[in-house]
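Colleague: I'm new to this one. Could you walk me through it and tell me how each label is earned?

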Amino acid sequence: MSRLWTVAAAAIAFGACTSPGPNTSPPTPSAVVVSTSTEFDAAKAKAHVDYLADAARGGRYSGSVGYRDAANYVADRFREIGLEPLGDNGTFFQHFTMPIVDITEMSTLTGPGGQSYRGRVDFTGSVSGRGGAGSAEGEIAAIGGAARSGGQNDFAGAHVRGKIALVTGPAAPNGGSSVENAYQEGAIGVLVVGDATLRYSYIPRLQTETIPAFVISEDLASQLLAPAGKTLAVARDLVRARRANPGAPTSGFDVPITVRMRVSLTPVHDVDAMNVVGLLRAPDPNNAQRAVLVGGHLDGVGTDPDGSVFQAANDNASGPAVAIEVARALAASRSSLNHSIVFVAFAGEEEGYYGSEAYIAQMAVAPGRVESLVAMVNLDVIGCCGDTLVISNESPELQRRVRDIATNLGTMTQPGSTGGSDQTSFARRRVPAVLIEAADFILHVYADKPAVVLESRLKRAGDVVTAVVRDLATAR
């Protein structure tokens with residue numbers, strides 16, 4: 001899920017999820033099997049999650065062998081349901097070129113006496129913009145939230161040039177990149193306090209000159225601040241006091257401790273990525289040219305150089321798994337459709353909506369092209385870990401419609417904001433779009449394995465999505 005492009009701390013709720021182990025059997029043959037059930041099949045959806053998020057898929061990094069394997073699996077399911085291929089040259093695959101970047105070895109962070117801190121526990125990398133490959137060694141300068149505009153200066157009191165900046169927070173009130181702000185003040189590396197267990201999306205849009213940037217845990221931040229006689233809480237209080245009263249003592253300060261950082265990356269390079277696109281065509285040719293699009297990204301964040309796989313079960317094998325079974329349920333009632341339905345598994349979401357943007361740029365036929373769409377329903381992090389669904393607000397009317405349908409089915413919902421996934425690409429083109437996700441979720445961690453995705457939660461979400469898409473596709 002691409003909201004993790006930033007290095008802001010993410011609140012991840014780990015539900016007490018248990019389920020049978022993953023099904024590693026190969027995909028079944030892809031002969032057309034016409035379903036007679038109009039109900040969402042959660043057991044089949046769970047089997048899809050188990051296959052797509054098996055470690056053998058390698059975390060489904062866009063352009064990888066594991067991603068292609070997963071895409072073939074989705075295409076086989078579309079084929080057996082009886083969807084029409086809507087990709088290139090009569091296939092289900094819509095190819096496009098996108099940039100990618102990855103780490104070549106595990107990043108390192110060491111402290112006094114050569115103490116090594118633990119990757120994905122004490123610290124994790126942030127690759128985007130100014131944060132990229134490089135090595136740095138220096139003392140620490142604590143710089144609050146790295147604010148340096150709008151009358152705020154969190155750098156005052158610290159000597160940043162040639163040092164490693166420690167961004168303690170609170171965040172700068174006027175936004176902006178803390179890494180870029182620290183670089184402009186002369187920092188040679190940046191540490192930002194946040195969730196250090198995540199693998200944040202590596203965004204292949206880098207400045208010509210980059211510096212290493214890590215997200216570190218609160219515990220590690222407190223350890224690093226101790227030689228200055230301050231705690232993380234004290235450092236943050238200094239920032240708040242200074243922002244509230246410019247006459248208060250400066251909030252930046254130096255810390256007499258030396259740390260070393262190292263990040264190694266591949267060059268940014270192009271890969272052949274692909275969306276998987278299938279069409280359930282409405283029976284009346286007069287209406288079939290308009291369509292509802294149901295999508296969810298298939299890609300994940302891959303595998304670490306030490307072989308640890310981010311299996312990406314909830315984020316986001318769950319989305320395409322639900323979409324497949326929504327397609328199966330609605331194919332059984334195709335005769336009732338007034339609009340066609342396009343089903344898409346997107347690549348490149350984690351790097352910045354590359355797949356959904358490519359779909360919009362390349363899809364030239366109707367139903368399918370953006371001008372033909374009556375609505376877009378996006379499914380992301382929908383299989384774990386709570387029972388409440390969050391409905392985004394790109395289209396208030398569509399949000400209300402989805403929430404009303406969910407309420408009628410006995411499923412709790414709450415309103416969400418905007419952005420964070422592929423529905424953004426369609427909302428930008430004024431297509432009524434909505435993201436459906438779980439209120440509590442797990443993502444971008446090693447623990448996001450098939451066992452955390454429960455059949456009961458897939459059933460609850462799948463019933464809602466099936467009802468929503470049926471309502472949209474049967475409307476006149």
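Modeller: Sure. Contact here means heavy atoms within 4.5 Å. Helices (H or I, at least four residues) and strands (E, at least two) are DSSP runs, numbered from the N terminus. This is a predicted model, where local features need pLDDT of at least 70, side-chain atom pairs count only at pLDDT 80 or more, and totals for chains, interfaces and linings use all residues. Residues are numbered from 1 along each chain as its sequence is written, and side-chain values use heavy atoms, with hydrogens and water left out.

Colleague: What covers the buried residues of H7?

Modeller: The cover includes strands S2 (93–100), S12 (269–280), S13 (291–297) and S14 (340–346), plus helix H9 (423–427). The residues underneath, in H7 (residues 354–362), are Tyr 354, Gly 355, Ser 356, Ala 358, Tyr 359 and Ile 360. Buried means under 20% relative accessible area, while exposed is over 50% and partly exposed lies in between (1.4 Å probe, protein chains only).

Colleague: What makes S3 and S4 stand at the edges of the sheet?

Modeller: Two strands pair if DSSP finds at least two bridges between them. Seven strands form an open sheet, ordered S3-S11-S6-S7-S8-S10-S4, with mixed pairing. Strand S3 (108–110) and strand S4 (123–125) each have a single partner strand, so one side of each lacks a neighbour in the sheet. From one strand to the next, the twist averages 30°. Angles run from 0 to 180 degrees between N-to-C directions, and axes are lines fitted to C-alpha atoms, for helices over the stretch in contact.

Colleague: How many bridges join S6 to S11?

Modeller: Nine, and the two strands run antiparallel. At least two would do for a pair, so S6 and S11 count as paired. In S11, Val 255 is the bridge partner of Ile 140. Helix H4 (residues 218–225) packs on this sheet, touching S3, S6, S7, S8, S10 and S11, and its direction makes about 130° with that of S11.

Colleague: Why is the pair of Phe 123 and Phe 214 called tilted?

Modeller: Rings of Phe, Tyr and Trp (its six-membered ring) pair if their centres lie within 6.5 Å; planes under 30 degrees apart count as stacked, over 60 as edge-to-face and the rest as tilted. Phe 123 and Phe 214 are 4.8 Å centre to centre with 45° between the planes, so they are a tilted pair. Phe 123 lies in strand S4 and Phe 214 in strand S10, so the pair ties together parts 91 residues apart in sequence. Another tilted pair is Phe 346 and Phe 426, at 6.2 Å and 50°. Phe 346, Tyr 359 and Phe 426 form one aromatic cluster.

Colleague: How do you know that Ala 146 is buried?

Modeller: Its relative accessible area is 0%, so Ala 146 falls under the 20% limit. The phi of Ala 146 is near 65°, positive in a residue other than glycine. Most residues other than glycine have a negative phi, and most peptide bonds are trans.

Colleague: Which peptide bonds are cis?

Modeller: Gly 169 to Pro 170 is one, with omega near 0°. Cys 384 to Cys 385 is another, with omega near 20°.

Colleague: What makes Lys 230 count as lying over the face of Phe 253?

Modeller: A charge sits over a ring if NZ of Lys or CZ of Arg is within 6 Å of the ring centre and within 35 degrees of the ring normal. Lys 230 is at 4.6 Å from the ring centre of Phe 253, so the distance part of the rule is met.
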